[in-house]
Amino acid sequence: MFKFYVSKVVATRDLAPLVEALNSQTRDGHVADQTRITRDLWLLRIACSERDDAALVRGL
């Protein structure tokens, strides 16, 4: 069960590095939902089960 969600606005060019960071630096952080805001911007909702993972995601 995922208890912590972090919302981030991310440029399209930064999506791949963000996903790589999620995979390598968090236990189970993943993109739970995404909405395209404009051609080059995405609003992501990232789910984490641990508070410290959510804090790390906020800092990315």
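**Note on the predicted model**

1. Start with a side-chain pair. Ser49 and Asp28 are joined by a polar contact of 2.5 Å between their side chains. The coordinates come from a predicted model, and that distance is a computed value within it.

2. Ser49 sits in the loop that links S3 to H2. Its relative accessibility is 19%. Buried means under 20%, so Ser49 counts as buried.

3. The neighbouring position is worth a look too. Which residues does Cys48 contact, leaving aside neighbours within four places in sequence? The list is Phe2, Lys3, Phe4, Asp28, Gly29, Asp53, Ala54 and Val57. Asp28 therefore appears twice in this region: it contacts Cys48, and its side chain makes the polar contact with Ser49. Cys48 also belongs to the largest nonpolar core.

4. That core holds 11 residues in all. They are Phe4, Val6, Val10, Leu18, Leu22, Trp42, Leu44, Ile46, Cys48, Ala54 and Val57. Two or more residues come from each of strand S1 (4–11), helix H1 (15–25), strand S3 (41–48) and helix H2 (51–59). S3 gives the most, with 4 residues. As background, nonpolar side chains in soluble globular proteins tend to be buried together.

5. Now the overall layout. The protein has 2 helices and 3 strands. Read from the N terminus, the elements run β-α-β-β-α. The radius of gyration is 11 Å, close to the 10 Å given by the globule rule for 60 residues, so the protein is as compact as a globular protein of that length. Along the principal axes, the C-alpha atoms fill a box of roughly 30 × 20 × 15 Å.

6. The sheet is open and has 3 strands, in the order S1-S3-S2, with antiparallel pairing. S1 and strand S2 (30–38) are at the edges; each has a single partner strand, so one side of each lacks a neighbour in the sheet. From one strand to the next, the twist averages 20°.

7. How many bridges pair S1 with S3? There are 8, in the antiparallel sense. For a register check, Tyr5 stands opposite Ala47 in S3.

8. Both helices meet the sheet strands. H1 packs on the sheet and touches S1, S2 and S3. The direction of H1 makes about 5° with that of S3. H2 lies across S1 and S3 and runs at about 15° to S1.

9. Is Ile37 buried, exposed or partly exposed? Its relative accessibility is 46%, so Ile37 counts as partly exposed. Ile37 lies in strand S2, one of the edge strands. Not counting residues up to four places away in sequence, Ile37 touches Val9, Trp42 and Leu43. Of these partners, Trp42 is listed in the largest nonpolar core.

10. A C-alpha distance for anyone checking the geometry: Ile37 and Ser24 are 13 residues apart along the chain, and their C-alpha atoms are separated by 27 Å.

11. Two whole-chain totals to finish. Buried residues make up 32% of the 60 residues. Among contacts with a separation of 6 or more, 67% are between residues 24 or more positions apart.

Definitions and conventions:
Residues are numbered from 1 along each chain as its sequence is written. This is a predicted model: local features need pLDDT of at least 70, side-chain atom pairs count only at pLDDT 80 or more; totals for chains, interfaces and linings use all residues. Side-chain values use heavy atoms; hydrogens and water are left out. A nonpolar core is a set of buried Ala, Val, Leu, Ile, Met, Phe, Trp, Tyr and Cys residues joined through side-chain atoms within 4.5 Å. Buried means under 20% relative accessible area, exposed over 50%, partly exposed in between (1.4 Å probe, protein chains only). Contact means heavy atoms within 4.5 Å. Two strands pair if DSSP finds at least two bridges between them. Axes are lines fitted to C-alpha atoms, for helices over the stretch in contact, and angles run from 0 to 180 degrees between N-to-C directions. A polar contact is a pair of N or O atoms within 3.5 Å; within protein, one must be able to donate a hydrogen and the other to accept it, and residues adjacent in sequence count only if both atoms are side-chain atoms. The radius of gyration is taken over C-alpha atoms; the globule rule is 2.2 Å times the number of residues to the power 0.38.
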